[in-house]
Amino acid sequence: MTLMIDSVLTAADSALRTLFARPHATRATPVPSQATGELSEAERREAGALMRVNHVGEVCAQALYTAQAAVARDPGLRAHFIEAAHEETDHLAWTRQRLDELGARPSILNPLWYAGAFGLGLVAGRLGDPLSLGFVAETERQVEAHLDSHLDRLPPGDSASRAVVEQMKLDEARHASQAVDAGAAELPAPAKAMMRVASRVMTTLAHRI
């Protein structure tokens, strides 16, 4: 009973912090190898839209890891999910900072994204630890590919956003590898396809609103 109450309180605290508080990174914001160039208004809008999508992804990551931690059966795995959520807070802070610098705003649908991702995390966690880890591994692989596409789409002069995305990409690849090493089960092809469709819907909407 105590564990259940603790999980509920942790989940509520995570939701409030993610959606309404200013995130604080434990690592310094990645520094670009060259100074950011002058961006046109169109380039600034596009960079802001792309970083808004990336910020939404980090909102979802907080929800996923928090939900999976709440229902993880292994105490060690629960601690792993909580630690991963803390590390993803760096990404949340970096993307929010870059949104501010570009004069862009977070998605107004963030509460919806958080709720949906939290629900998916609960479902994945209830399927057992191997499949829950498999969900993490596949999610991180898809996020890594998504970030790679953003490196191609960001304005050439926006080295500040590019540095953030490059570090996030490295971190997501490491999270996927850690999930596999921890015993992740391979997800069925239909599940992977459904995840890609859901991601496409989210990124399309977040790019605009």
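**Notebook: helix H5, its partners and the largest pocket**

I opened this predicted model at the contact of H2 with H5, where Glu-46, Leu-50, Val-53, Asn-54, Leu-64, Tyr-65 and Gln-68 in H2 meet Ser-132, Phe-135, Val-136, Thr-139, Glu-140, His-146, Leu-147, His-150 and Arg-153 in H5. Sorted by class, this contact holds seven nonpolar, six polar and three charged residues.

Next I looked up the geometry of that pair. The axes of H2 and H5 come within 12 Å and cross at roughly 170°. Angles over 145 degrees count as roughly antiparallel, so H2 and H5 are roughly antiparallel to each other.

Then I turned to H6. Which residues of H5 meet H6? I found Leu-133, Val-136, Ala-137, Glu-140, Arg-141, Val-143, Glu-144, Leu-147, Asp-148 and Leu-151 on the H5 side. Across from them, H6 brings Arg-162, Val-165, Glu-166, Met-168, Lys-169, Glu-172, Ala-173, His-175, Ala-176, Ala-179 and Val-180. I noted twelve nonpolar, one polar and eight charged residues in the contact of H5 with H6.

For the same pair, I read that the axes come within 8 Å and cross at roughly 160°. H5 and H6 are therefore roughly antiparallel to each other. The crossing in which H5 passes H6 is left-handed.

My third pair was H5 with H7. Here the helices pack at an angle of about 40°, and their axes are 11 Å apart. H5 and H7 are therefore oblique to each other, and I have their crossing down as right-handed. In H5, Phe-135, Glu-138, Thr-139, Gln-142, His-146 and Arg-153 make this contact, and in H7 the partners are Lys-192, Met-195, Arg-196, Thr-203 and His-207. By class I wrote down two nonpolar, five polar and four charged residues.

Last came the pocket search. How much space lies in the largest pocket? The answer is about 860 Å³. I listed 38 lining residues, with Leu-64, Leu-120, Phe-135, Thr-139 and Met-195 lying nearest the centre. Helices H2 (41–71), H4 (110–126), H5 (129–153), H6 (159–181) and H7 (189–208) are the elements that give two or more residues to this lining. The lining has 25 nonpolar, nine polar and four charged residues.

Some of those central names were already in my notes. Leu-64 takes part in the contact of H2 with H5, and Met-195 is on the H7 side of the contact with H5. Phe-135 and Thr-139 are listed for H5 against H2, and again for H5 against H7.

Notes: Residues numbered from 1 in each chain as written. Predicted model: local features only at pLDDT ≥ 70, side-chain atom pairs only at ≥ 80, totals over all residues. Heavy atoms only, no water. 1 Å grid on protein atoms, 1.4 Å probe; cavity = no way out; pocket = protein on both sides within 12 Å on 5 of 7 lines; lining within 4 Å. Points joined across faces, edges and corners; volume = space filled by probe spheres on them. Helix = DSSP H or I, 4+ residues; strand = E, 2+ residues; numbered from the N terminus. Nonpolar A, V, L, I, M, F, W, Y, C, P; charged D, E, K, R; others polar. Axes fitted to C-alpha atoms, helices over the stretch in contact; angles between N-to-C directions. Parallel < 35°, antiparallel > 145°, perpendicular 65-115°, else oblique. Left-handed = near helix turned anticlockwise from the far one by under 90°. Contact = heavy atoms within 4.5 Å.
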